[in-house]
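Subject: Structure handover

Hello,

Here is the structure for you to look over. My notes follow below it.

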Amino acid sequence: MSNELTDRKFWANYWESKSDLAFQVPANYTFNKLLKQLLADNKIKTAIELGGFPGYYAIFLKKYFGLDTTLFDFYVHQPILKEVLTANQLHEQDVKVIEGDLFKYQPDQQYDLVLSCGLIEHFNDTKDIISRHLQFLKPGGTLFITLPNFTGVNGWVQRRYDMDNYNKHNINSMNPALLADYCEQLGLKNVEAYYYGHYSIWLENMKQQSSVTRAFLKGLWLAGKVFTKVVPIESKSLSPYIVVKGVM
């Protein structure tokens, strides 16, 4: 069985189908509070975002914190990247870009912060893909990984309305206890892994859904938001993300 659940053609089609990629990454971008805390607690000057095209987090860290950032991905659409950088008042030289295969590339630099957001769940061997992050990480550096949680309500939405996208994800990887165990086996310290966010649902193919389906999902989204406003919990059933952190 191949380790990869997607390929270059999938990502080329995926990104080229998007029409709203070039936007200003806001200061309150997803995971901003966690990243701000990491920067406050650690001496972080360099960061690399793995599998992160079009580089929103590399841009976020450069734009708001002045970090020396790098984007690594095995598919980089240069015209799209240039549009995204321009939308954020950045130039091509402001964010370094490495286009390569994570399973073959030998890094010539290590970083204070290695992060990926929505990468590891696209591979069958979760421990192996986490280990690929560590070759980029300095001793004492920080690992920060996020992935979607498709084991609760959002997973039901994916299975019901976009099974093709659901099948591109390794659902077994969406287990905080398992992820923490893998990180500790790989030698990381101060490991944390937990569900993050009170509630959200989404569909990559929302525009292709019927008006009835879109109305139902909007109602489901609103109901969840109201409930978690009253009962602000983070849980397997409701939280949209999983976060993993550790120190080399």
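Five salt bridges are counted in this predicted model, with a nitrogen-to-oxygen cut-off of 4 Å. One of them pairs the side chains of D68 and K96, at 2.6 Å from N to O. D68 sits in strand β2 and K96 in strand β3, so this contact ties together parts 28 residues apart in sequence.

Those two strands also pair directly. β2 covers residues 68–73 and is joined to β3 by four bridges. The two run parallel. Within this pairing, F72 of β2 stands opposite I98 in β3.

Now the whole sheet. It is open and has seven strands. Their order is β3-β2-β1-β4-β5-β7-β6, with mixed pairing. Which strands stand at the edges? They are β3 (96–99) and β6 (189–196). Each has a single partner strand, so one side of each is left without a neighbour in the sheet. On average, neighbouring strands are turned by 15° against each other, direction ignored.

One helix to look at here is α5, residues 126–134. Helix α5 lies across three strands: β1 (46–50), β4 (111–117) and β5 (137–148). Its angle to β5 is about 140°.

Next, the second largest pocket. Its volume is about 450 Å³. The lining has 17 residues. Nearest the centre of the pocket are Y196, G197, H198, Y199 and K225. Two elements give two or more residues to the lining: α2 (32–41) and α9 (211–230). The largest share comes from α9, with three residues. How does the lining divide into nonpolar, polar and charged residues, and how many are there of each? Seven are nonpolar, seven are polar and three are charged.

Two backbone details are worth a look before you set anything up. Most residues other than glycine have a negative phi, and most peptide bonds are trans. This model has an exception to each.

- F53 and P54 are joined by a cis peptide bond, with omega at about 10°. P54 is in the loop between β1 and α3 (56–65).
- F31 is not a glycine, yet its phi is positive, near 75°. F31 lies in the loop between α1 (8–16) and α2.

To recap the places to open in the viewer: the D68 and K96 salt bridge, the lining of the second largest pocket, the cis bond between F53 and P54, and the positive phi of F31.

Best regards

Methods
Residues are numbered from 1 along each chain as its sequence is written. This is a predicted model: local features need pLDDT of at least 70, side-chain atom pairs count only at pLDDT 80 or more; totals for chains, interfaces and linings use all residues. Side-chain values use heavy atoms; hydrogens and water are left out. On a 1 Å grid over the protein atoms alone, a cavity is a set of points where a 1.4 Å probe fits but cannot get out, and a pocket is an open set with protein on both sides within 12 Å along at least five of seven lines; lining residues have an atom within 4 Å of a point. Grid points are joined across faces, edges and corners, and a volume is the space filled by probe spheres set on the points. Ala, Val, Leu, Ile, Met, Phe, Trp, Tyr, Cys and Pro count as nonpolar, Asp, Glu, Lys and Arg as charged, and the others, Gly among them, as polar. Two strands pair if DSSP finds at least two bridges between them. Axes are lines fitted to C-alpha atoms, for helices over the stretch in contact, and angles run from 0 to 180 degrees between N-to-C directions. Contact means heavy atoms within 4.5 Å.
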